[in-house]
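Biologist: I would like to go through the empty space and the nonpolar cores of a model. Please give the reasoning behind each term.

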Amino acid sequence: MTYEFAVHLTEVLLGLALFIASVEHLAARSTKEQVIYGARATASIWLMTGLFSLIALPLLWALSFAALWLFRGPYNGGSDRMAMLILTCLLLTKLAPTTQLKELAFGYLSLQVILSYSFRGG
Amino acid sequence: MAGAIARAVNLLLPAIIPSWNFFDVITPSPRIEYRLIGVTTANDWIEFRPRPKGLSLAQRLTRLVWNPSWNETLFTVSLSERVMQDDGAFAEDLLFNRIHNDLPASVLLNANALQFRLVTVYRAGKHLEREEVYRSTERPLEEVQGA
């Protein structure tokens, strides 16, 4: 598997996970939450399909941060934190100036995912 | 400003540098019970969102990908754990709000105030013991946020 394909696959899977969680959350009644999670559902479709790919990641990062801020912590516990970690690392793979730094960011994500699975999910 | 930055760092750091130590201390999760208080009466305590007694295979499979209500229930569990920590007033406000939103208007009709308590259930020999660990004040319904 190439690095580019692995990054793309991560984007599609994360997009799908965030889309489902966001649509589930839209059952919530608060207007503020509806705005954040409605926007997150839309941006996660962009992330999955590659549409508006330049703004999808930063927008999802900002919305996830807004949710953390609003609830003063994660709403869905560990899965919100994991989403934030993946979003931050994916964002770094786009923003880092050199290929080496991009790969370092993605490598860090891989390491954390393996650690999370072997320590807690295995 | 400095406070906001510190809060942002506090929120982001556990996500970006995870410890994978999900539980600092293993303790029983409190159950949430609520009651509505009328002018002269107080109802019995009612369990908030009791777990379903049984689920069909199809229901279980659907719930793997679609279970909005359970997501919210898990959030109320984490709020109930936060009620007794720093910033407990914020968690309590949200918990009042979530319980209130769950109750149909017909149930709220004759009530003036809402109260909740947190109960831990643990096994003592052959019996299940229940212990009340927290009891909120009676909050008038018009003061419940989002009411």
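Modeller: One definition comes first: Ala, Val, Leu, Ile, Met, Phe, Trp, Tyr, Cys and Pro count as nonpolar, Asp, Glu, Lys and Arg as charged, and the others, Gly among them, as polar. The model is predicted.

Biologist: What makes the lining of the largest cavity seven nonpolar, two polar and two charged residues by class?

Modeller: The lining includes Arg40(A) and Asp80(A), and Arg and Asp count as charged. Ser64(A) and Gly73(A) also line the cavity; Ser and Gly fall under polar. Tyr37(A), Ala67(A), Leu68(A), Phe71(A), Pro74(A), Tyr75(A) and Met84(A) are the other lining residues, and their types are listed as nonpolar, so the class count follows.

Biologist: Which elements give two or more residues to that lining?

Modeller: They are helices H2 (31–49), H3 (53–70) and H4 (78–95) of chain A. H3(A) has the largest share, three residues.

Biologist: Why is this space called a cavity?

Modeller: A 1.4 Å probe fits there but cannot get out, so the term applies. The volume is about 70 Å³, and the structure holds one cavity of 30 Å³ or more.

Biologist: How do you know that Leu114(B) touches Tyr34(B) and Ile99(B)?

Modeller: Contact means heavy atoms within 4.5 Å, so a touching pair meets that cut-off. Phe96(B), Leu103(B) and Leu141(B) are also among the residues that Leu114(B) touches. In the largest nonpolar core, of 27 residues, Leu114(B) is one of those that touch the most other members. The largest share of this core, six residues, comes from H4(B).

Terms used: Residues are numbered from 1 along each chain as its sequence is written. Chains are lettered from A and ligands numbered from 1 in the order in which they are written. This is a predicted model: local features need pLDDT of at least 70, side-chain atom pairs count only at pLDDT 80 or more; totals for chains, interfaces and linings use all residues. Side-chain values use heavy atoms; hydrogens and water are left out. On a 1 Å grid over the protein atoms alone, a cavity is a set of points where a 1.4 Å probe fits but cannot get out, and a pocket is an open set with protein on both sides within 12 Å along at least five of seven lines; lining residues have an atom within 4 Å of a point. Grid points are joined across faces, edges and corners, and a volume is the space filled by probe spheres set on the points. Helices (H or I, at least four residues) and strands (E, at least two) are DSSP runs, numbered from the N terminus. A nonpolar core is a set of buried Ala, Val, Leu, Ile, Met, Phe, Trp, Tyr and Cys residues joined through side-chain atoms within 4.5 Å. Buried means under 20% relative accessible area, exposed over 50%, partly exposed in between (1.4 Å probe, protein chains only). Lists of a residue's contacts leave out its neighbours within four places in sequence.
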